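Colleague: I am new to this one. Please show it to me, and then I will ask how you know what you say.

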Amino acid sequence: MRYEIFSSTVGYLYTKTNPSHPPCPYCPLAGVPRSSCIQQSPPCAFPNVACLIVSSRNATTSTNLRDVLSNLVPKEQSRIKNFKTQYGNIGSISVDMIYGGIRGMKGQVYETSVLDADEGICFRGYSIPECQQLLPKAPGLAEPLPDGLFWLLVTGQVPTEEQVNWLSKEWAKRAALPSHVVTMLDNFPTNLHPMSQFSAAITALNSESSFAQAYSEGVNKAKYWWEVNSMDLIAMLPCVAAKIYRNLYREGSSIGAIDSSLDWSHNFTNMLGYRDATFTELMCLYLTIHSDHEGVNVSAHTSHLVGSALSDPYLSFSAAMNGLAGPLHGLANQEVLVWLTALQKEMGGEVSDEAMRDYIWNTLKSGRVVPGYGHAVLRKTDPRYTCQQEFAFKHLPDDPMFKLVHQLYKIVPNVLLEQGKAKNPWPNMDAHSGVLLQYYGMTEMNYYTVLFGVSRALGMLAHLIWSRALGFPLECPKSMSTNGLITLVGANNSS
Ligand SMILES: CC(C)(COP(=O)(O)OP(=O)(O)OC[C@H]1O[C@@H](n2cnc3c(N)ncnc32)[C@H](O)[C@@H]1OP(=O)(O)O)[C@@H](O)C(=O)NCCC(=O)NCCS
């Protein structure tokens, strides 16, 4: 039995289980290590009630995700009900936060992932290396199946191979696109950005919404969580994405048929037209590590906000994709490649460390940022960078572009430290992803954000299931005018 930590509920920090720590003397769940409970100081004030922080989740053997969730949902509903009745306010809000893009304001519950400044992103408490180690893999491939990651995101449990097989088959069954969406994609002009095509096609998939149908027929609220169509949309996304790719870059050739014996990533790479098993392995890694990043980045929050109006996942997720398409969100990987290509063009093949330093300083002195470096929360090398670097060392150690990326890793942080502005001088995942895709022949940079979007569906649509299960209401924070705020804080309006 593993004890899961639902840390994001009230914005508490995630702390890792230390098996050597003595069991919590208060916790009614016998054997839970005290260090698992993040409410250590002050000590847990509710020794006689079911622990709110740590909840035991026996791994369920059923291969049917719906059955597993039917067991989990009522337990989670009751845990949150208890929590809400026992606790009051948290934190405080500053005027600066309100003007600063509500940055750092704790205002949403999001269970599927938590970002830790040192560990990086943790999916249901599991770090990237732990996911790489624990999640089932396709035969002969070394990276985890994103299908298994979705199971983990939704249930908090590491799935068995049988459970992942069930999920892959279920997605294969649900993958067919309605003909009007295929026709729509075929009729888009080639100068329409792949992300615009992606978002428009997802909106049009709403014709398939059984949630919208069930809602109009007055389905009981308690059943919303499964009617949410998350599974259907995830199943269809690789087909939409592959169709866009083939139309734009492979002369409209057919994506072929879904193979129900293959997993989600393998079907995707087949439909894209890539037959190299190592590219499929890369796609498993890519789709896993890009899948989720807490709940209030632009795309995840958009999906949640639109979903809170009981819009179905087609409408919610397409809205999110419009946010992901923005240059401050999903386009950074593309910008890294543009910058690297310019560097290579200007400096030629082998670049000395000294010349590279000068190039980086020139970028900074011209008022630009070094793309792929820095992070708003992380204060170390992004584990998503590290696992891609490991992949590159294993599969493409002599690739000139990878060598360049690796050389930059040795130089950029020192330059950024010397400059003294960036709070985090270390690389993020975008510093590496494009180089790997290029190596296998996917050179169409405009398309990279679509891959990112396919992957992010796993996190956002897992969250949408829980939004419905927990009955999250219409999101409705209060906006204020500047004068209203000035009055609220008691400032002198004339100053
Ligand atoms: C990711 C990013 C947007 C985070 O922004 P942030 O939270 O405001 O970062 P910081 O608090 O460290 O910024 C402090 C200063 O350092 C600068 N800085 C941060 N990262 C930098 C970088 N990679 N190159 C140059 N300067 C950088 C900021 O521009 C800011 O300068 P300012 O005070 O003149 O405005 C920022 O690091 C960045 O622009 N990185 C490059 C783009 C990128 O890789 N994006 C993908 C993110 S996953």
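Modeller: First, a polar contact is a pair of N or O atoms within 3.5 Å; within protein, one must be able to donate a hydrogen and the other to accept it, and residues adjacent in sequence count only if both atoms are side-chain atoms. This is a predicted model: local features need pLDDT of at least 70, side-chain atom pairs count only at pLDDT 80 or more, and totals for chains, interfaces and linings use all residues. Residues are numbered from 1 along each chain as its sequence is written, and side-chain values use heavy atoms, without hydrogens and water.

Colleague: What makes the link between the ligand and Gly372 a polar contact?

Modeller: An oxygen atom of the ligand is 2.8 Å from a polar backbone atom of Gly372. That is within 3.5 Å, so the pair counts. A ligand nitrogen atom is also 2.9 Å from a polar backbone atom of Val370. For Tyr373, a backbone N or O atom lies 2.7 Å from a ligand nitrogen atom.

Colleague: Why is Cys131 called buried?

Modeller: Buried means under 20% relative accessible area, exposed over 50%, partly exposed in between (1.4 Å probe, protein chains only). Cys131 has 2%, so the word fits. Cys284, at 0%, is buried too.

Colleague: How do you know that Cys131 is in no disulfide?

Modeller: A disulfide is a pair of cysteine sulfur atoms within 2.5 Å. A search of the whole structure finds zero disulfides. For Cys131, the nearest cysteine sulfur, that of Cys122, is 8.2 Å away, so the pair fails the cut-off.
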